[in-house]
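Please examine the sequence and the structure shown here. The report concerns strand pairing and salt bridges.

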Amino acid sequence: MKKSFLKRLTAAIVAVPVAMTQTVLFTSFAAGETTTSSDTLDVQSVFNINTNTAKLVAASAFKSAAETRFNAKELGYENAYVQDSAWNEKVISVLNSRDGNSYNISAESLADSIEGVERAHQVLRDALGDKNTKATAYVTDKAVEIVAEFDYDYAEALKLQIEDMVRDFDLNIQKNELAKINNLKGTVTVTLDITDLKNKSVNVVADVDINGKKKGIKDAENYIDALHEELVKALASDATASVDTDAKKARVLSAVDAADKSYHFYKDKVDNVDGVVDWTTSKPLADADSVLAELKTKWKKAPGSLAAIQNNRWFNRCDKILSALVDEINKQDGKKTVSVTMSDLVDMAKKGSDFQAYVHADAYNYVGQGEVLFYVTDEDFTAADQAQVKTFFESQKEIAAALAEKNEVIDNVYSVKVVEADAALNGLSDEDAVTTAEASGSMDVYRIVWFDTKPNETDTKAETPTATDQVETPTATDQVETPTATDQVETPTATDQVE
């Protein structure tokens with residue numbers, strides 16, 4: 001039987017710091033290109049691109065940092081140029097300015113963020129909500145590291161579960177054999193490696209440590225399963241020793257058996273999860289909801305809309321974690337320097353159009369790949385920017401020569417922003433005893449500009465006379481002849497009157 005309890009448990013724990021590292025990254029994204037140190041950071045800023053014609057490159061020479069299988073159609077336009085964003089440079093600057101900072105994340109907020117009815121979820125809530133649980137974000141100029149420490153008395157949790165299940169009589173289990181079993185203790189460390197941020201790429205690595213030893217996921221699941229079986233035997237021994245009649249012993253053993261079956265029921269439920277998909281859009285889709293709706297027809301586990309994402313427990317979990325981290329940052333800064341919510345990210349997705357997407361996912365093994373390209377209206381491309389870019393186009397020799405040959409001039413200048421991103425998750429595999437779960441991703445935001453033409457209607461200019469074309473000055477013999485008396489206009493006679 002595949003071992004899924006720790007996979008679910010670890011994946012949920014990993015999701016917490018991963019969400020926090022994403023929060024730190026997106027918080028930095030929000031700095032964009034126009035934000036100063038005194039500004040409040042927000043998500044909108046990542047899409048801002050200040051027009052700079054010195055940074056324009058021909059579309060044929062442009063390569064996006066996000067290597068998706070899609071291309072913006074405008075990149076094929078004859079007159080297209082691209083200005084890439086520099087959000088990563090600002091991120092590097094922001095992280096460098098926070099080098100050495102650490103941010104404490106409340107264990108209570110982590111526990112509250114875990115939703116779901118499975119036993120694994122309850123174990124995780126208890127573990128994260130325990131007084132010994134700590135989570136801290138550490139920032140350096142090379143990485144953002146989240147460390148979640150847990151020290152969970154699983155034996156006590158099972159004991160209380162059995163006591164709660166037995167309602168026929170008061171049950172107070174004395175921990176004798178249970179007391180010999182160590183707590184479930186360890187750390188989950190998620191490191192956001194930003195050394196490749198200069199290329200607009202990041203790598204995330206998650207390490208799991210249980211009771212002082214780094215373990216591969218497969219080994220760790222075996223460890224948890226063995227711990228569970230050991231606890232069940234000890235619990236049965238202690239529970240029966242704590243009652244005085246055979247009837248009561250049978251009752252408590254029935255409760256222990258039910259708790260054990262519940263554990264394995266959810267293991268089997270997770271083992272049989274249906275979650276493999278390989279899908280791509282056959283054509284650009286109007287908006288994000290259209291993409292999600294089509295994906296839903298191919299993969300039933302997918303959310304069918306942005307609204308469904310916002311109602312998803314994972315979204316709410318990340319939102320709570322994000323809020324906690326933003327509050328901590330603002331608290332340490334002594335003012336509101338960050339204003340980012342998960343809903344802000346959804347709102348940005350709502351502004352997108354002409355989506356192209358690809359998804360390969362194996363939900364059981366937590367392996368997948370995703371790619372997306374979509375357009376955003378270039379709201380900050382002003383009339384002054386258009387004039388500046390038009391001047392740039394006119395200054396390019398090849399463009400100027402082509403226009404002259406066709407006797408045309410530039411008419412209108414157009415622009416659009418493109419968001420392109422890719423991400424991959426590799427790890428949490430049953431096949432290999434991997435120590436880490438790894439993920440990577442890239443994102444690029446760039447502006448494409450191009451123009452159309454019209455006939456050159458101002459090409460016919462007044463010809464400037466040359467020296468040989470000067471008007472000839474009349475000579476003395478060329479003077480206009482003065483009429484004589486006999487040349488006077490003849491006065492009509494009476495017979496010449498109009499009849």
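The text below treats one strand and its partners, followed by the salt bridges. The structure is a predicted model.

**Strand β10 and its neighbours**

Strand β10 spans residues 352–362, and 8 of its 11 residues are buried, which leaves the strand mostly covered. Strand β9 (residues 276–280) runs antiparallel to β10 and is joined to it by 5 bridges. β10 also pairs with strand β11 (residues 367–376), again in the antiparallel sense, over 9 bridges. Asp362 takes part in both pairings: this residue of β10 is the bridge partner of Val276, and in β11 its bridge partner is Val367.

**Salt bridges**

Side chains of opposite charge can pair when their charged atoms come close. In this model the count comes to 19 salt bridges. Three of them are listed here.

| Salt bridge | N to O distance |
|---|---|
| Lys63 and Glu67 | 3.7 Å |
| Lys73 and Glu74 | 3.2 Å |
| Asp347 and Lys350 | 3.9 Å |

The surroundings of these residues can be described in turn. Glu67 is exposed, with a relative accessible area of 56%, and its partner Lys63 is likewise exposed, at 63%. Glu74, by contrast, is buried, with a relative accessible area of 5%, because the cut-off for a buried residue is under 20%.

Asp347 and Lys350 both lie in helix α11 (residues 342–350); they are 3 residues apart and therefore separated by about one helical turn. Asp347 counts as partly exposed, at 36% relative accessibility. Elsewhere, Asp378, Asp380, Lys417 and Arg447 are joined into one network by salt bridges that share partners.

Technical notes: Residues numbered from 1 in each chain as written. Predicted model: local features only at pLDDT ≥ 70, side-chain atom pairs only at ≥ 80, totals over all residues. Heavy atoms only, no water. Buried < 20%, exposed > 50% of the residue type's maximum accessible area, 1.4 Å probe, protein only. Helix = DSSP H or I, 4+ residues; strand = E, 2+ residues; numbered from the N terminus. Pairing = 2+ DSSP bridges. Salt bridge = Lys/Arg side-chain N within 4 Å of Asp/Glu carboxyl O.
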